[in-house]
Amino acid sequence: MDKNSHSSDHSQDDFEEEIEQSLDQSLEEESQRRNSSRPEELFVLPLNRRPFFPGMAAPIVIEPGPYYEVLKTVAKSEHKFVTLVLTKKENANIYRIGFQALHKVGVLGRILRIVPIEGGGAQVVFNMEERVEIIEPIKGKYLKARVAYHPDGRGVSDELKAYAINIITIIKELLKLNPLFKEELQIFLGHSDFTEPGKLADFAVALTTASREELQDVLQAFDVQERIDKALFLLKKELDLSRLQSSINQKIEATISKSQKEYFLREQLKTIKKELGIEKEEKSIDIEKFEVRLKKRKVPPPIMETIQEELDKLGVLEPISAEYSVSRNYLDWLTIIPWGMFSKERHDLIQAEKSLHKDHYGLEEIKQRILELISVGKLTGGLRGSIICLVGPPGVGKTSIGKSIARALNRKFYRFSVGGMRDEAEIKGHRRTYIGAMPGKLVQALKQSQTMNPVIMIDEVDKIGGSFHGDPASALLEVLDPEQNKDFLDHYLDVRCDLSNILFVVTANMTDTIPEPLLDRMEVLRLSGYILEEKLQIAKKYLIPRNRKNMGLTAKQIVFTDEALKTIINGYAREAGVRSLENYIKKILRKVALEVVRRSESGKKRKAHEVQIGRKNLSEYIGKPLFSTDRFYERTPIGVATGLAWTSHGGATLYIEAIKVPNDRTDMKLTGQAGDVMRESSQIAWSYLHSAIYKYAPGHTFFEKSQIHIHIPEGATPKDGPSAGVTMVTSLLSLLLDIPVMEDLGLTGELTLTGRVLGVGGIREKLIAAKRSGLKTLIFPKDNLRDYEELPAYVRKGIQVHFVEHFDEIFHLAFPEV
């Protein structure tokens, strides 16, 4: 039995050996047959994006051109094979490429089907057969090469089988995370018996998102073991990426689910509250809010009709629609305007006068005008159609006067600046059709003040601009006209609004740049600069107490002497207003505050007065004086006369200098950035003196063979105006007579060709500038006598003023020795 059994086992082994040899022989025969049917020379088609792997079928679009010709040639061949090879660089120009720009290993593709494309070219479906290596390029019109084939081995070891199972396990995990290729994978896995691990690796790698270089690296792995190792690495990498993506998606879905849950719960809560009557719809809330506002206002019938139409329109609109928000915003503005609501005016003259004196020092003319306004309002039952324009240098208190007017009248105050404004929509509003449309500043003022009779201050009206957007100054014409502003139409509201009860206060530094039609609608009140005595009182009564309190100091901790304040005013802050003066006072107070804190921290005992600011220690706090004097000369030299000028920043002294140099003919030259009017004044002065030389300088020739150079110092500053005429004649006459003008003499006045002296403006400012410069005697035109007499006595004090009608009088005053 044992022998038979051994014999049986031996015969079984022989049978298996014979089967294995027969199988190997059949495989060799099949390989030889397949290789014999494979051509050694093949056309090459370059690929740009990703390589293909054996076992795949893929469509490729071939456009008309050289590769389309290759396609037609291959399609007519018996084998229908072509080599598909990846380019080394992505997005390479495949029509201008050589073998040096291609990888050596590609895939053998057999044409399965060709579908022509309308307009030329074709879509070709290739079946990828096996790996191909380019051995040697063949010269020719198209890319063609001698190739070698690299089929996979047929033997499957236990190790390869284990690798294949590992690949399938990873693919199944990928299926759970990324179902993009689920159907293809399931078909492959359902028909796979793991006998060809190489094809399994190729198929798995082709489905990953690996880079083209990583895929090419797998394609070039002829050894199945090496290929499976690389495939496993890429699959693991893809699995980690899919897990990360899945985690991100889960977080996003969780957030969205939470938001949706909250949204549904809120909607349910709203519904429950509505059913119980606890909460109303958004639309109902808006409509109720508008109706409550309207009950408190006395809306004119035409406007009420517009509001009612808009409410009806809002009632049929859905809150989620864009038109709803436009309609709601429009109704919000229409109903928030204080229709029929007025501040109760206070017409108590005594109280108003106290308030004005408390807020401002001096400015008697302005205060008088305000009291007149209040008196008119008391008699008529209210102020209507009053438009005041305050003109003066910076820092003289124009804006604060507007606040004082509102306080004296018990009205609300609203201020806005039109300096640099270039769009008329800022005044009259935007059309509602524009995105972000809003009413103009006037309607916004009514909303802010919640009264139809506020005091509205329009600042810097002389600096208003204009552009292609429109001219705001022209838009102000309607606003500042009492006959028109009772029916003011804002573009946004599109209903008539009565602005006639508003008291408009306009401010400007000068009137030259204000359009004439606009200036004509306003009553101009001029605020001149302050003299030393006024600034001293303003500093003591207003600036020091206010800023001392703001900085936490007390009257015992710091004391300013009058000498110190006068030194600040003359040496540091000479402008017409008090803004610079206040800044210097703040600077001193800040440094004193530092000293007080340091002393308290060091434990030193406090003195009766911590700090006393006097003339001697003033420079320790604010440095050396900026100005020593306005005067260029201690004694006036020959050919120099002192004039007086007005600027937007107040008054100033203006020296006229004249010298003569030899020349072939008599001539005159003017320098110093003089304007056209001043140049004309110099010509008039020249001609007048030439015609009247016999009267003022008998026996003298008129600058024979000399060039006269007239210069106005500070040449960087533009100068213009007619008031330097008499000063120029006086300077020329001094040069001609070789006699200096009387000391401490200042002149101003326009000169005619017949010698008459005409009136000029800015008398107060010029008088202030003369006092600041230490002039003792002034010559003014007689036409300005009325202006001089209106000035306060403390302004006129200390200066002798002569009023003249003709230059003859000036001659005797300026040259008393002649």
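1. Tyr492 is buried, at a relative accessible area of 4%. The model is a predicted one, and this note covers its aromatic contacts, its cysteines and one helix. Tyr330, the ring partner of Tyr492, is also buried, with a relative accessible area of 3%.

2. Across the whole structure, the search returns 13 aromatic pairs. One of them joins Tyr330 and Tyr492 in an edge-to-face arrangement, with 6.1 Å centre to centre and 75° between the planes. Tyr330 belongs to helix H10 (residues 322-336), while Tyr492 sits in the loop between strand S10 (488-489) and strand S11 (496-497), so this pair ties together parts that are 162 residues apart in sequence.

3. Another ring pair is formed by Tyr688 and Tyr696. Their centres are 6.2 Å apart and their planes stand at 55°, so the pair is classed as tilted; edge-to-face would require an angle over 60 degrees. Tyr688 counts as buried at 3% relative accessibility, and Tyr696 counts as buried at 3% as well.

4. Tyr688 and Tyr696 are also members of a cluster held together by ring pairs, in which Phe807, Phe811 and Phe815 take part.

5. Tyr330 has a further contact to note: the charged end of Arg432 sits over the ring of Tyr330, 3.8 Å from its centre. The ring of Tyr330 therefore has Arg432 over it and, as noted above, is paired with Tyr492 across 162 residues of sequence. A second contact of this kind involves Lys144, whose charged end sits over the ring of Phe43 at 4.8 Å from the ring centre.

6. What does a search for disulfides find in the whole structure? The search finds zero. Two cysteines can be described individually. Cys389 is buried, with a relative accessible area of 0%. Cys497 is buried too, with a relative accessible area of 2%.

7. Helix H25 spans residues 763-773, and nine of its eleven residues are buried, so the helix is largely enclosed by the rest of the structure. Which residues of H25 are buried? They are Ile763, Arg764, Glu765, Lys766, Leu767, Ile768, Ala769, Ala770 and Ser773. The list includes the charged residue types Arg764, Glu765 and Lys766.

8. Just after H25 comes Gly774, which takes a positive phi of about 80°.

How values were computed: Residues numbered from 1 in each chain as written. Predicted model: local features only at pLDDT ≥ 70, side-chain atom pairs only at ≥ 80, totals over all residues. Heavy atoms only, no water. Disulfide = S-S within 2.5 Å. Buried < 20%, exposed > 50% of the residue type's maximum accessible area, 1.4 Å probe, protein only. Phe/Tyr/Trp six-rings, centres within 6.5 Å; stacked < 30°, edge-to-face > 60°. Helix = DSSP H or I, 4+ residues; strand = E, 2+ residues; numbered from the N terminus. Lys NZ or Arg CZ within 6 Å of the ring centre and 35° of its normal.
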